[in-house]
Structures are given as C-alpha cells and as structure tokens.
Amino acid sequence: MNAKLNPKRTVAELKELRSFTADENGAQRVAFTKAWVETRAWLRKKLQDLPVEVQVDEAGNLWATLRGQSERALLIGGHMDSVPNGGWLDGCLNILAGVEILRRINAQYDGRPPVTVRLVDWADEEGARFGKSLFGSSACSANLDMNEARGLKDKDGIALPDALKQVGVDFERVKESGKQWNSAAAYLELHIEQGPVLLDLNLPLGAVLGTFGVERHAITFHGQAAHSGSTPMNRRKDALLAAAKMSSEIYRIAERSNGGVCTIGSCTTKPGIVTSVVAECRILLDQRHLDAAALARMLKDAKEASERFAKEGNVTVSWERLWQIEPVLFNKDLVQMCSDAINETCGKVHRLPSGPLHDAAEVAWAGVPTTMMFVQSLHGISHNKVEDTKEEHLEMCVTAFDKLADKAIEWVRAKE
Ligand SMILES: [Zn+2]
C-alpha cells in the first residue's frame, strides 16, 4: 500500500468543503443546522474508504475509530462547525488534516496500527447559535453546566435541548459521552492561530503551551451627578475620570505580567448625558494569562489601581466577578514532540500560549495528555471571511502534524 501522506489533498478537500458550505459572506456551518448536517454527511463520505468505525456519541460528537493492536487510543480532534460568516479553515483544517493522517496510518500499518487512532469532530465548538462555546467537548469532560445550558435559547427563541432533539441528541444524556475517555491516551489538535504572533515572527508553525486562564470583572465607580455648568472642576466626584485612568493602567499591568493581556471592552455611564458629571461608570475588564500566579497578580494590580484612582477622584469603587477559568497547561512531553515535529518540518519553532479557548482545553481538563499545533494566520484574523493561511503553510502543517501523530503513537505505545 502507498503510505505517503498527501497534504495537497487536504488543501483540495478544504476547497471542496468551502464550495458547498460558504457563500459570499464566508463559511455557514453553524452547529445543529441543515448545513452542518450536510457537512457531516460529506465528512462520512470522506471516511468511507477507510476501515474506520464511525459513531456519534450522546453529545453529538462524531468519532471515527481505526482499531489498533492496542485499545489505548491516540485522539485527533477538531470541529466542522463555523460561526456565521466564518473563515474557511477554522476547525475543519484540523479534521481534514486528521482524515489525511488516518489514511497514511492505515496504509502504513495495513489497517492495524500499533495503537488505536480516533478522529473526533466536536459538536458546536463555536457556540455561535446559543452563546455557549465548546458544547460537545465540555459535555464530554463533564464541565458543562446543565442548568445553564438547559435554559439557553437562540435568537428565534428555540431552546438548546429542542435544537439538539432535531439532530437526534437527547440533552439529558449528553454527559454519558464521557465514557469516550476510557481508552484515551493522548489528544492532538491542529488549529489556525487566529492571531498575529506567528505572522509577526515570520514563522509558519508553533507549538502551543496551553490555554490562557481568564478573570472577567465588572468594575463600577460611584461618583455624584452634578450640573456640567455650575460645578467647579475641583468640586466634582467624576466616576468617569477614575474609570478612564484604568484604561491606560491596564497596559502597564499587562506589560509587567510578562505575557498576559488585559482588555476593557465596555464602558457605560449614568446618567449618560453631557449636561451632568458622570455619577456611575461601569467598565468590563477581561484579563488573561497562561500562568495562574501571574493572572492573580494582574487582578490584584488592577484592584489596587482602581482603589487608588477612586481615592484620587473622591469616588468609590466596587468589583463584581463575571467569569473565571483557570489556565490549562498542556502535557510537557507532547509539547516537546510538537516542537520536534515542527523543527523537523521547517527548521524553526516558536512556543506560544493560546488566547482563544479550544476543545483541547476541555480534553486536558478531563485529564487526557494534550497538546496543540498552530499554523500561521494571514492578517492574524479569524471568524471572518478574510481568514486565510498560505497554501504552502497549510501543506506544511499537515506534514508536521503527521510527524507529531507518529511520535505520539510511539509515546502511547511505549507507555503500555
Ligand atoms: Zn476553531
């Protein structure tokens, strides 16, 4: 059998997928819609020539299993769903590279590799319709908050459990998908970077160290409304003045943190009229770092700064936590193998954290040794029809990811 990997075929299949799932505004493969069901039917056809067992688990995740000499399984994952008006690579590159790697492994080992190899297409990674990302993988990892998810509705008022029923998924049973971990020994995910780091370094590929932890807070400064004309500047309790000082301070906090990022993404004022000093100003702060201690320090710095600015401006401040998630560090051995695979493919490697969350974070949470590989994104942009990656880089990432799969198979086998 011909055991040669054909990365050009992956690029051709990505274009084929685009030809029937994208319009002039970009990819339209929102999870649990007709287009998504059609996409999965197409994927099943691609898998038809392989001796794989295809099944859909209780959470709607699709698994293609190539049985090996050992039950212990190497997992390769991605997601076929997209945001509305999405890019042509986000999620599906991972899956189609995985299909190509399955073909190579199947040919090389005559249908029976040393360990089992499983490709998983996670259901609703993007959360575009119900506002809840990582649905399928978080159900599998048992992180999914069932009460919260049960109440989610799309913009037409359709509840998530009803949308799931349409595609044959029983919401109350989604966590039973957790049994998929029983044989899982390692998990690999390839993804476009979706940011500009590799582009700025002029590097095609990167090894991902983990996903950022997040601290998200609403910070409210409380001052006093007063007439814009009659109140002297030195008599004001201006809630906006203190909030505005935070907007430059977070740049200094992020800089000191060595690798973290901070964003004030929203600012609302009351009474919100130009003839009154601002009585109340609420800003939303998002802070992210790969290191838990550094993240905690960034948060402490922001709290101290807010209190200092409040005092300076004769106003008060209160904090409310909106959301928090711990950083997820990937498996050291697998990150090293990923670096080696990249080095062997293109001679240069960069290690970087992932800003966005990915299904890989849920898998790592579930205790499965995990890593990811990033390929450069042109313009550093994703979730947009302009999302793109050079074809030579796409081919290179399939080659490097295949080398990583090979190393991981050996690693899983050796740990038996
Ligand atoms: Zn994605």
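Donors here are N, O and S atoms within 2.8 Å of the metal (3.2 Å for Na, K and Ca), and with water not among the atoms, sites may look incomplete. All views come from a predicted model, where local features need pLDDT of at least 70 and side-chain atom pairs count only at pLDDT 80 or more, while totals for chains, interfaces and linings use all residues. Residues are numbered from 1 along each chain as its sequence is written, and side-chain values use heavy atoms, leaving out hydrogens and water.

**View 1. Here's the zinc ion with its donor residues H79, D90 and H191.** The donor atoms are NE2 of H79, OD of D90 and NE2 of H191, at 2.0 to 2.2 Å. Along the sequence, the spacing reads H-x10-D-x100-H. D90 sits in the loop between strand 5 (70–78) and helix 3 (92–108), and H191 belongs to strand 7 (residues 184–192), so to speak 101 residues away. Helices (H or I, at least four residues) and strands (E, at least two) are DSSP runs, numbered from the N terminus. D90 and H191 are both buried; buried means under 20% relative accessible area, exposed over 50%, and partly exposed in between (1.4 Å probe, protein chains only).

**View 2. Now look at L47 in the largest nonpolar core.** A nonpolar core is a set of buried Ala, Val, Leu, Ile, Met, Phe, Trp, Tyr and Cys residues joined through side-chain atoms within 4.5 Å. This one has 55 residues, and L47 and L93 touch the most other members. Helix 12 (residues 391–414) gives the largest share, eleven residues. Leaving aside residues up to four places away in sequence, L47 touches V52, V54, L62, A64, V99, L102 and L119 (contact means heavy atoms within 4.5 Å).

**View 3. This one follows helix 10 (residues 332–346).** Its buried residues include L334, M337, C338 and I342. Among the elements covering the buried residues of helix 10 are strand 7, strand 14 (350–354) and helix 12. At the N-terminal end, N331 acts as a cap, with a side-chain oxygen 3.0 Å from the backbone nitrogen of D333. After helix 10 comes G347, with a positive phi near 80°.

**View 4. Finally, meet Q194 and N202, two non-glycine residues with positive phi.** Q194 has a phi of about 70° and lies in the loop between strand 7 and helix 7 (197–201). N202, with a phi of about 55°, is in the loop between helix 7 and strand 8. Q194 is buried, at 16% relative accessible area, whereas N202 is exposed, at 57%.

Terms used: The expected span of a helix is 1.5 Å times one less than its number of residues. A polar contact is a pair of N or O atoms within 3.5 Å; within protein, one must be able to donate a hydrogen and the other to accept it, and residues adjacent in sequence count only if both atoms are side-chain atoms.
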